[in-house]
Amino acid sequence: MLDVKFIRENVEKCKTRLALRGKSYDEEIDAVLALDQQRRDIIGKVETMKAEQNKVSKSIPKMKKAGEDVTALLAEMKELSQGVKELDAQRTQVEEQLHDMLLTIPNVPADQVPEGADDTCNPEVRRWSEPRQFDFEPKAHWDIGKALSILDPETAAKVTGSRFHFYKGMGARLERAVINYFLNTHTDNGYTEILPPFIANAASMTGTGQLPKFAEDMYHLENTDQYLIPTAEVPVTNMYRDDIIPADQLPIRYAAYSACFRGEAGAAGRDARGLIRQHQFNKVELVNFTAPEDSWNQLENLTREAECVLQGLGLPYRVVMLCTGDVGFSSACTYDIEVWMPSYGRYVEISSCSNFLDYQARRANIRCRNEKGKPQYAHTLNGSGVAVGRTVAAILENYQNADGSVTIPEALRGFMGTDVIGK
RNA sequence: GGAGAAAUACCCAAGUGGUGAAGGGGCUCCCCUGCUAAGGGAGUAGGGCGCGAAAGUGUCGCGAGGGUUCAAAUCCCUCUUUCUCCGCCA
């Protein structure tokens with residue numbers, strides 16, 4: 001969430017930049033300012049009363065010992081105590097309202113984020129390699145998967161429901177090979193591997209921004225305050241919730257494999273076939289914790305490191321910067337990496353690399369220390385490194401052969417034990 | 001899942017309603033001792049929030065959240081985590 005002090009000191013900037021997300025937040029900002037003023041007024045009053053209370057409380061045992069009559073004083077104190085209680089209750093209420101209001105306000109897009117209404121306005125930053133020219137009619141990965149008997153959505157529909165897959169034989173192995181290749185590459189680049197829980201509680205979901213606004217996208221476990229994670233970002237970022245990270249540990253760079261679970265509410269009909277949009281998918285996520293002054297630099301590193309695994313697999317991609325209308329709720333700035341998908345005839349998102357600045361850190365209370373040893377909010381970043389199912393789809397499509405077989409990218413052959421998937 | 005016990009600072013730990021939350025270890029600094037060991041002395045509760053230009057000052061912090069009381073580490077309730085035992089399980 002945003003810092004109330006920052007909002008107070010940058011009212012106009014907050015309003016104008018937030019409005020570029022496609023919806024005005026003027027009302028929310030004004031409500032925050034009013035609640036903040038109320039809160040500070042109450043605190044001023046109640047703390048003066050508490051100081052009086054403390055002073056008198058200390059003198060009561062002395063007076064008793066001296067044999068003085070304290071009944072009148074006690075009655076007076078009872079009244080004071082009542083007043084304190086009322087103001088404390090008011091304060092709690094105002095602070096809750098303020099907090100809830102702040103949680104509904106998204107991050108302010110960073111200055112370099114271009115204005116734009118939606119994803120058609122995202123400027124391309126760079127491109128790597130060229131889409132392959134096929135001398136035959138290329139098939140979509142769902143057709144390849146079916147022909148090779150390595151992907152089976154029909155059985156998954158019976159066993160579970162729509163938007164699930166069984167992977168079989170070399171298909172399952174390919175998914176596993178990609179996970180291993182990603183993790184090995186990132187750990188070689190200095191990341192620490194994490195295997196997190198795939199379930200997280202409501203406090204964690206709130207810390208990273210999934211709650212309260214996006215509850216309908218998640219799988220809630222009945223009769224608990226726990227949810228299936230939509231990304232490893234949630235458990236990994238929350239590892240440091242309510243912590244102060246020692247300065248010499250920064251930057252912390254974690255690479256975490258997890259299954260991800262998403263309700264995909266509102267996605268009916270989109271990407272209905274294949275591996276692109278599933279309720280459960282695998283992803284390797286990169287999560288960075290940095291000192292505030294280092295986060296922009298780390299965003300560039302993080303993006304390059306995510307790109308690096310696509311280069312290793314020889315998959316053509318491009319990088320775009322999300323415009324103000326498309327950048328995610330908690331993010332100040334996001335690069336999307338899009339891989340070439342022949343069946344779509346265009347680039348398809350396979351990774352999203354974001355700098356949240358202190359937005360998540362404030363929500364989750366993640367701090368570090370500055371040079372003077374004073375605690376301050378850390379900056380958090382994360383990026384897919386990268387989505388595994390979409391990578392498998394891209395490999396099947398980009399590496400398919402005229403005879404229906406699929407060549408295995410060189411980087412995966414050690415994991416696959418073969419250089420081709422055929423019939 | 002059931003029963004019991006516990007949670008106080010970097011660590012150990014005292015504290016069953018009342019003026020600044022004991023004590024010890026460790027750590028830092030100083031003294032003494034040609035080095036070392038031993039000894040002596042001093043310091044060692046962080047963090048949030050409010051007011052203030054600042055110095056400062058107030059307030060809240062004894063696992064978390066409520067409650068009782070003029071006053072709570074202490075009494076009551078709920079929750080979390082850890083340990084022991086039992087059950088179940090990979």
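A residue counts as buried here if 20 or more other C-beta atoms lie within 10 Å of its own, with C-beta atoms placed from the backbone. Keep that cut-off at hand for several stops on this tour. The model is predicted.

**The whole chain**

Start with chain A in full view. Its C-alpha atoms fill a box of roughly 100 × 45 × 40 Å along the principal axes. Colour by secondary structure: there are 13 helices and 17 strands. Of the 423 residues, 40% count as buried. Among contacts with a separation of 6 or more, 74% join residues 24 or more positions apart.

Now colour by domain. Domain 1 covers 4-103, and domain 2 covers 119-421. Their centres, taken over C-alpha atoms, are 43 Å apart.

**The surface near the RNA**

Select RNA strand B and its surroundings. In chain A, 18 residues surround the strand. Label the closest: Ala51, Lys58, Pro61, Met77 and Lys78. Which helix gives the largest share of this surface? That is α3, with 13 residues. Select α3 as 26-65 and α4 as 71-103; each supplies at least two residues of the surface. Colour the selection by class. Seven residues are nonpolar, five polar and six charged.

**The eight-stranded sheet**

Move to domain 2, which spans 119-421. Show strands only. Eight of them form an open sheet, ordered β1-β10-β11-β12-β15-β9-β8-β4, with mixed pairing. Why do β1 and β4 each have one side without a neighbour in the sheet? β1 (124-128) and β4 (192-194) stand at the edges with a single partner strand each, so one side of each stays free of a neighbour in the sheet. Look along the sheet next: neighbouring strands are turned by 25° against each other on average, direction ignored.

Walk in from the β1 edge. Strands of a sheet pair through backbone hydrogen bonds, so switch on the backbone atoms.

- β1 with β10 (317-321): the two pair in the antiparallel sense over four bridges. Pick tryptophan 128; its bridge partner in β10 is tyrosine 317.
- β10 with β11: this pair is antiparallel too, joined by five bridges. Pick valine 320 and find aspartate 336 opposite, in β11.
- β11 (333-341) with β12 (346-355): nine bridges join these antiparallel strands. Pick glutamate 338; opposite stands glutamate 349 of β12.

Now add helix α7, residues 170-188. The helix lies across β4, β8 (252-261), β9 (280-290) and β15 (379-387). Against β9, α7 runs at about 10°.

**Isoleucine 350**

Stay on β12 and select isoleucine 350, which lies in this strand. Is isoleucine 350 buried or exposed? There are 27 other C-beta atoms within 10 Å, so isoleucine 350 is buried. Leaving out residues up to four places away in sequence, show what isoleucine 350 touches: Ile337, Glu338, Val339, Val386, Ala387, Arg390 and Thr391. Then draw a distance from isoleucine 350 to tryptophan 340. The two are ten residues apart in sequence and 9.6 Å apart in space, C-alpha to C-alpha.

**Two cis peptide bonds**

Most residues other than glycine have a negative phi, and most peptide bonds are trans. The remaining stops depart from those habits.

Val386, one of the residues that isoleucine 350 touches, is the next selection. This valine lies in strand β15. The bond joining glycine 385 and valine 386 is cis, with omega about -5°.

Jump to leucine 250. The peptide bond from leucine 250 to proline 251 is cis, and omega is near -5°. Proline 251 sits in the loop between β7 (243-245) and β8.

**Two positive phi angles**

Select arginine 163. Though not a glycine, arginine 163 has a positive phi of about 65°. Find arginine 163 in the loop between α6 (153-159) and β3 (166-167). Arginine 163 counts as buried because 21 C-beta neighbours lie inside 10 Å.

Finish at asparagine 365. Its phi is positive as well, about 60°, although asparagine 365 is not a glycine. The loop here runs between α11 (359-364) and β13 (366-369). How does the burial count come out? Asparagine 365 has 13 other C-beta atoms within 10 Å, so it is partly exposed.

Conventions: Residues numbered from 1 in each chain as written. Chains lettered and ligands numbered in written order. Predicted model: local features only at pLDDT ≥ 70, side-chain atom pairs only at ≥ 80, totals over all residues. Domains from an automatic or database assignment. Pairing = 2+ DSSP bridges. Axes fitted to C-alpha atoms, helices over the stretch in contact; angles between N-to-C directions. Contact = placed C-beta atoms within 7 Å. Buried ≥ 20, exposed ≤ 12 C-beta atoms within 10 Å, placed from the backbone. Near = placed C-beta within 6 Å. Nonpolar A, V, L, I, M, F, W, Y, C, P; charged D, E, K, R; others polar.
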